Amino acid sequence: MEYSDFVLEFEVKLTERGNSGIALRAPAKGDPAFEGMELQIADLRYNPAAKDSELTGGIYRALAPRKQVYKPTEWNAFRIELRGDSLKVTLNGELIQDVDLSTCQEVVKRHDGTDAPPIKDRPRKGHIGFQHLSRNNEPIEFRNLRFRAW
């Protein structure tokens with residue numbers, strides 16, 4: 001099922017080599033991080049060279065969070081709200097993204113170096129998904145998921 005406007009709340013905990021992400025408004029085909037949006041869930045333990053937009057709370061390679069409030073080895077509470085062009089992300093009670101997506105014009109590079117569409121041109125309706133990309137297949141734990149769409 002595809003969604004446009006929704007609120008998704010959950011808690012997540014990663015191991016030392018954990019890497020996850022939430023696909024937002026992703027199409028059925030292509031890489032969700034570059035065809036839709038991916039809210040990244042990973043910290044410097046996974047990739048010490050990561051840019052801010054590649055760390056927890058970032059829209060992968062496109063939008064860095066206002067600040068890093070992720071707590072390694074602990075449960076972290078997310079609230080993601082998408083309404084039209086508005087994206088708000090709260091992590092552990094702190095607003096880390098408050099963005100008008102229609103203003104995000106920067107071209108983003110895919111892993112192969114080609115250009116992905118800027119956020120302003122990505123779909124406003126699509127699928128939601130949970131990614132597991134941990135090293136050594138280390139687990140990612142989710143709990144207390146709540147979802148509401150309208």
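**Exercise 1.** In this predicted model, find which residues ring pairs link into a cluster.

*Solution.* Begin with the aromatic pairs, of which the structure holds seven. Following the ring pairs from residue to residue, one arrives at a cluster made of F10, F78, F130 and F142.

**Exercise 2.** Classify the pair of F6 and F147 as stacked, tilted or edge-to-face, and decide for each residue whether it is buried, partly exposed or exposed.

*Solution.* The ring centres of F6 and F147 lie 5.6 Å apart, and their planes stand at 40 degrees. Planes under 30 degrees apart would count as stacked and those over 60 as edge-to-face, so the pair of F6 and F147 is tilted. Next, locate the partners: F6 belongs to strand β1 and F147 to strand β10, with their positions 141 residues apart in the chain, so that the pair links distant parts of it. Finally, turn to accessibility, for which buried means under 20% and exposed means over 50%: F6, at 0%, is therefore buried, whereas F147, at 38%, is partly exposed.

**Exercise 3.** Carry out the same steps for F34 and Y60.

*Solution.* Here the centres are 5.9 Å apart and the planes make 65 degrees, which gives an edge-to-face pair. F34 sits in helix α1 and Y60 in the loop between β3 and β4, 26 residues apart. F34 has a relative accessible area of 1% and is buried; Y60, with 11%, is buried as well.

**Exercise 4.** Determine which residue lies over the face of W75.

*Solution.* Looking at the face of the W75 ring, one finds R143 lying over it, at 4.0 Å from the ring centre.

Terms used:
Residues numbered from 1 in each chain as written. Predicted model: local features only at pLDDT ≥ 70, side-chain atom pairs only at ≥ 80, totals over all residues. Heavy atoms only, no water. Phe/Tyr/Trp six-rings, centres within 6.5 Å; stacked < 30°, edge-to-face > 60°. Helix = DSSP H or I, 4+ residues; strand = E, 2+ residues; numbered from the N terminus. Buried < 20%, exposed > 50% of the residue type's maximum accessible area, 1.4 Å probe, protein only. Lys NZ or Arg CZ within 6 Å of the ring centre and 35° of its normal.
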